[in-house]
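Got the viewer open? Follow along stop by stop: select what is named, then look at what is there.

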Amino acid sequence: MVDAVFVWRRLVGAQIRSQLQYRLSFALDAFGSFWISFIDFLVVLVIFRNVSRLNEWNVHEVAFLYALSSITFAVTDMLIGQLDQFPQKIRDGNFDILLVRPRGTLFQVIASDFALRRVARVVQGSIVLVYALSTLTIHWTVLRVLVLVVSVPSAIVIFSSIWVVGACIAFWTTDGGEFTNAFTYGGTAMAQYPFDIYATWLRRLLGFVIPLAFVCYFPALYVLGKTDPLGLPRFLEFCSPAVAAVSALVAGLTWRSAVRHYRSAGG
Amino acid sequence: MKRVRVDWEIAKRGWRRYAAYPWATVAGAFTNTIFGFLLAYILLAVYRSRADVGGFDAGDAVTYVWLSQSMIMTVYIFSWWELAWRIRDGSIATDLLRPLNPQRYWLAFDLGRAPYHFVFRGLPPFVLGALVFELRYPSPLDALAFVVSLTLAVVVSFGFRFIYNSIAFWLLDFRGVVTLSTTIVIFFSGMAIPLRFMPTALRDLCYALPFGSVIQTPVDIWLGKRDGAALLGVLGLQLFWALALLAIGQLVLRRATRKLVVQGG
């Protein structure tokens with residue numbers, strides 16, 4: 001495990017150094033990513049120009065949901081977002097190379113591409129978080145701080161698990177990779193808004209079967225001290241880490257069985 | 001006449017290129033459907049506390065969501081890099097040797113691609129949306145005007161894509177510029193949120209710029225928000241932007257070619 005972390009740091013460190021070699025390219029890229037992720041927040045602001053509340057949520061509370069969703073998604077994207085290009089490895093047969101190396105295949109895929117430019121999105125989400133926290137009156141307790149702090153890695157693990165399961169589709173159909181977008185990009189978009197505005201079937205499917213409700217909605221209810229408009233049991237507000245652990249397990253097992261299914265294209 | 005025949009052959013290839021990846025089409029349509037549901041419920045939550053936003057009622061807004069999701073690939077709103085890559089890897093030199101104007105070539109290709117995306121990426125999400133929500137449908141005349149308007153929207157969008165791709169002639173690191181241009185189109189066209197939800201001054205600006213012509217104008221026409229002189233007016237504006245952007249693209253191309261020749265490319 002320690003060894004894996006060491007190797008990961010070496011590999012990612014090398015990529016960061018190489019990406020920073022092209023300064024102008026990096027700056028322009030980061031600038032572009034910053035603004036494209038800003039659109040979603042402009043949409044929130046435009047909506048709240050027309051109404052003061054979405055159900056029981058005001059603009060500051062939605063900004064909080066938005067920030068939590070976009071920061072954790074951006075970190076996930078930075079760490080493993082290159083899984084979007086993974087189908088290419090299957091198509092051209094380059095996945096074979098990973099099979100003969102003395103490390104886990106998933107580890108190699110993740111460590112082989114680290115997109116530093118996506119840090120711009122983390123910055124964008126953080127700005128919104130500062131805005132949200134400075135305008136909200138939260139009665140901070142130790143437990144609230146703890147729930148907020150723990151919700152960040154939990155959300156990253158949940159998003160990562162969705163991404164990994166989605167990437168497994170490539171083992172069966174190489175040009176269907178975009179299916180994953182519905183749950184990754186669609187997932188962060190959904191988590192940016194309070195879940196009680198969605199229809200029941202959509203909430204069940206994307207909130208619980210794919211556990212997006214545990215990314216922001218439940219932790220936010222607890223941190224903001226809101227009563228759940230859906231009237232769901234309160235213990236769910238503490239379940240994000242457990243849900244994250246189960247998601248990671250499911251993702252790991254899915255990847256394993258998918259790799260076993262793999263047949264080389266003959267690269 | 002021979003020219004038009006060539007255009008037609010190129011357009012057919014535009015259709016076939018995308019028809020070659022059916023699973024990508026299914027997956028993309030699925031993603032548009034999920035986004036359609038999310039946006040529809042978000043906008044409906046707005047209408048819980050008001051009946052009208054900038055001349056749109058709840059039915060208009062939901063129709064807007066499904067129609068714009070269906071148009072997303074037809075007008076190719078997301079990053080289009082093809083020309084930029086050909087410039088970067090030098091294939092553009094071969095393109096310039098051909099007795100065809102590259103802009104005309106890509107326009108013909110795009111006009112072949114667009115109907116494929118309209119049918120296979122556009123219709124399925126719209127039909128699914130129509131099964132779940134009560135959508136609005138146009139009068140026969142508006143339907144006809146919508147088809148004209150959507151075609152102009154494809155040309156306006158193409159004209160802009162051609163220009164930002166041409167940046168690659170001067171800038172090898174074009175990714176940031178392409179991303180930023182895409183961002184501008186998504187927001188100012190009304191793709192992210194209907195222009196009708198925006199403050200009046202901003203909305204009027206978006207309508208006047210080419211971007212409003214890409215999404216908001218065709219949807220307005222579908223919803224019967226424009227008739228008589230106003231309908232002719234918005235179609236005229238679309239036509240103006242289509243021609244203006246193509247002309248600018250042509251100028252950019254000419255300058256770039258001169259530079260290429262100077263470099264001995």
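How many of the 265 residues of chain B count as buried? The share is 48%, where buried takes 20 or more other C-beta atoms within 10 Å of a residue's own, exposed 12 or fewer, and partly exposed lies in between, with C-beta atoms placed from the backbone.

Some housekeeping before going on. This is a predicted model, in which local features need pLDDT of at least 70 and side-chain atom pairs count only at pLDDT 80 or more, while totals for chains, interfaces and linings use all residues. Residues are numbered from 1 along each chain as its sequence is written, and chains are lettered from A and ligands numbered from 1 in the order in which they are written.

**Stop 1: chain B as a whole**

Keep chain B selected and colour by secondary structure. You'll find eleven helices and zero strands (helices are DSSP runs of H or I with at least four residues, strands are runs of E with at least two, and both are numbered from the N terminus). The radius of gyration of chain B is 19 Å, close to the 18 Å from the globule rule for 265 residues, so chain B is as compact as a globular protein of that length. That radius is taken over C-alpha atoms, and the rule is 2.2 Å times the number of residues to the power 0.38. Along the principal axes, the C-alpha atoms fill a box of roughly 65 × 40 × 40 Å. Of the chain B contacts with a separation of 6 or more, 81% join residues 24 or more positions apart; a contact here is two residues whose C-beta atoms, placed from the backbone, lie within 7 Å.

**Stop 2: a proline in a loop**

Now pick B:Pro194. This residue sits in the loop between α8 (175-188) and α9 (200-208) of chain B. Is B:Pro194 buried or exposed? B:Pro194 is buried, with 25 other C-beta atoms within 10 Å. Show the neighbours too: leaving out residues up to four places away in sequence, B:Pro194 touches B:Phe56, B:Ala61, B:Tyr64 and B:Gln216. For a distance to try in the viewer, go from B:Pro194 to B:Leu38: they are 156 residues apart in sequence and 15 Å apart in space, C-alpha to C-alpha.

**Stop 3: α6 and α7 of chain B**

Two packed helices are described by the angle between their axes and the distance between the axes. Select residues 102-132 (α6) and 140-166 (α7) of chain B: these helices pack at an angle of about 135°, with their axes 10 Å apart. Axes are lines fitted to C-alpha atoms, for helices over the stretch in contact, and angles run from 0 to 180 degrees between N-to-C directions. α6(B) and α7(B) are therefore oblique to each other; angles under 35 degrees count as roughly parallel, over 145 as roughly antiparallel, 65 to 115 as roughly perpendicular and the rest as oblique. Their crossing is right-handed (the near helix is turned clockwise from the far one by less than a right angle; anticlockwise would be left-handed). Turn on side chains for B:Val154, B:Phe158 and B:Phe162 of α7(B), which meet α6(B) residues including B:Trp106 and B:Leu111. The contact of α6(B) with α7(B) has seven nonpolar residues, one polar and one charged. Here Ala, Val, Leu, Ile, Met, Phe, Trp, Tyr, Cys and Pro count as nonpolar, Asp, Glu, Lys and Arg as charged, and the others, Gly among them, as polar.

**Stop 4: over to chain A**

Switch to chain A, with its twelve helices and zero strands. Of its 267 residues, 44% count as buried. The C-alpha trace of chain A spans about 60 × 45 × 35 Å along its principal axes.

Select α8 (residues 142-168) and α11 (residues 217-224) of chain A, whose axes come within 9 Å and cross at roughly 160°. α8(A) and α11(A) are therefore roughly antiparallel to each other, and the crossing is left-handed. Among the residues that meet are A:Val147 and A:Leu148 in α8(A) and A:Tyr222 in α11(A).

**Stop 5: where the chains meet**

Show both chains again. Their contact takes 37 residues from chain A and 34 residues from chain B. On the chain A side, α2(A) gives the most, with 16 residues. By class, that side has 22 nonpolar, ten polar and five charged residues.
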